Amino acid sequence: MAKALDQPSLYDQDYVAWLAEQVHHLRAGRLHAVDVETVALELEGLMNSQRQQLENRLEVLIHNVLKSDHRPDQRSNRWRATVQEQRTRIRRLLRFSPSLKREVEQTAHEVYCDAVRAAVIETRLSETAFPATLPYSVDHLLERELPAEELPAPRATRKRPR
């Protein structure tokens with residue numbers, strides 16, 4: 001039975017209900033009832049979302065590694081924490097989606113220019129102060145830890161008046 005063109009589909013009216021319906025059809029083996037094209041589009045969207053997450057996290061990671069390497073006098077624990085957070089989240093993403101591992105290097109090269117632009121804004125250095133191409137290996141990006149002598153000094157704590 002064809003849908004009326006002027007009636008919104010369940011997908012348009014209630015996304016979660018549509019998902020539940022599709023899951024129910026699949027589990028019951030009613031493949032003829034599955035909205036195959038929309039399910040395929042949704043799955044592609046999920047796949048693209050994972051790739052975008054990898055891109056975003058690599059860009060933030062590279063941005064912060066660049067800042068740290070090019071402004072060692074301004075290194076902060078916040079920068080270190082951001083680097084560590086991105087490394088942890090990238091490792092989790094790759095553990096959850098191991099097929100993305102083969103895309104890490106290419107993606108890092110693709111987002112490098114955007115990471116440089118962000119580092120230029122934050123460090124106030126010229127774009128020419130940064131290498132023209134990604135200077136780090138994937139291992140360096142995902143595993144490198146700063147040597148003790150390069151760590152930022154702890155901030156003095158202020159006692160609050162009572």
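Helix α2 spans residues 15-27, and its 13 residues reach 18 Å from the first C-alpha to the last, close to the 18 Å expected at 1.5 Å a residue (the expected span being 1.5 Å times one less than the number of residues). Helices here are DSSP runs of H or I with at least four residues, numbered from the N terminus. The model is predicted, so local features need pLDDT of at least 70 and side-chain atom pairs count only at pLDDT 80 or more, while totals for chains, interfaces and linings use all residues. Residues are numbered from 1 along each chain as its sequence is written, and side-chain values use heavy atoms, with hydrogens and water left out.

A helpful place to start is the inner side of α2, where W18, Q22 and H25 are buried (under 20% relative accessible area, with a 1.4 Å probe and protein chains only). Viewed down the axis of α2, the buried residues fall within an arc of 65 degrees, so they line one face of the helix; the arc is that of the directions from the helix axis to the C-beta atoms. Among the elements covering these buried residues are α1 (10-13) and α3 (36-70). The face turned away from the buried side carries V16, H24 and R27, which are exposed (over 50%). After α2 comes G29, with a positive phi near 75 degrees.

Turning to the next pair, the axes of α3 and α4 (residues 77-96) come within 9 Å and cross at roughly 150 degrees. These axes are lines fitted to C-alpha atoms over the stretch in contact, and angles run from 0 to 180 degrees between N-to-C directions; contact means heavy atoms within 4.5 Å. The two helices α3 and α4 are therefore roughly antiparallel to each other (angles over 145 degrees). Residues that meet here include L54, L58 and L61 in α3, and V83, I90 and F96 in α4.

Note on methods:
Parallel < 35°, antiparallel > 145°, perpendicular 65-115°, else oblique.
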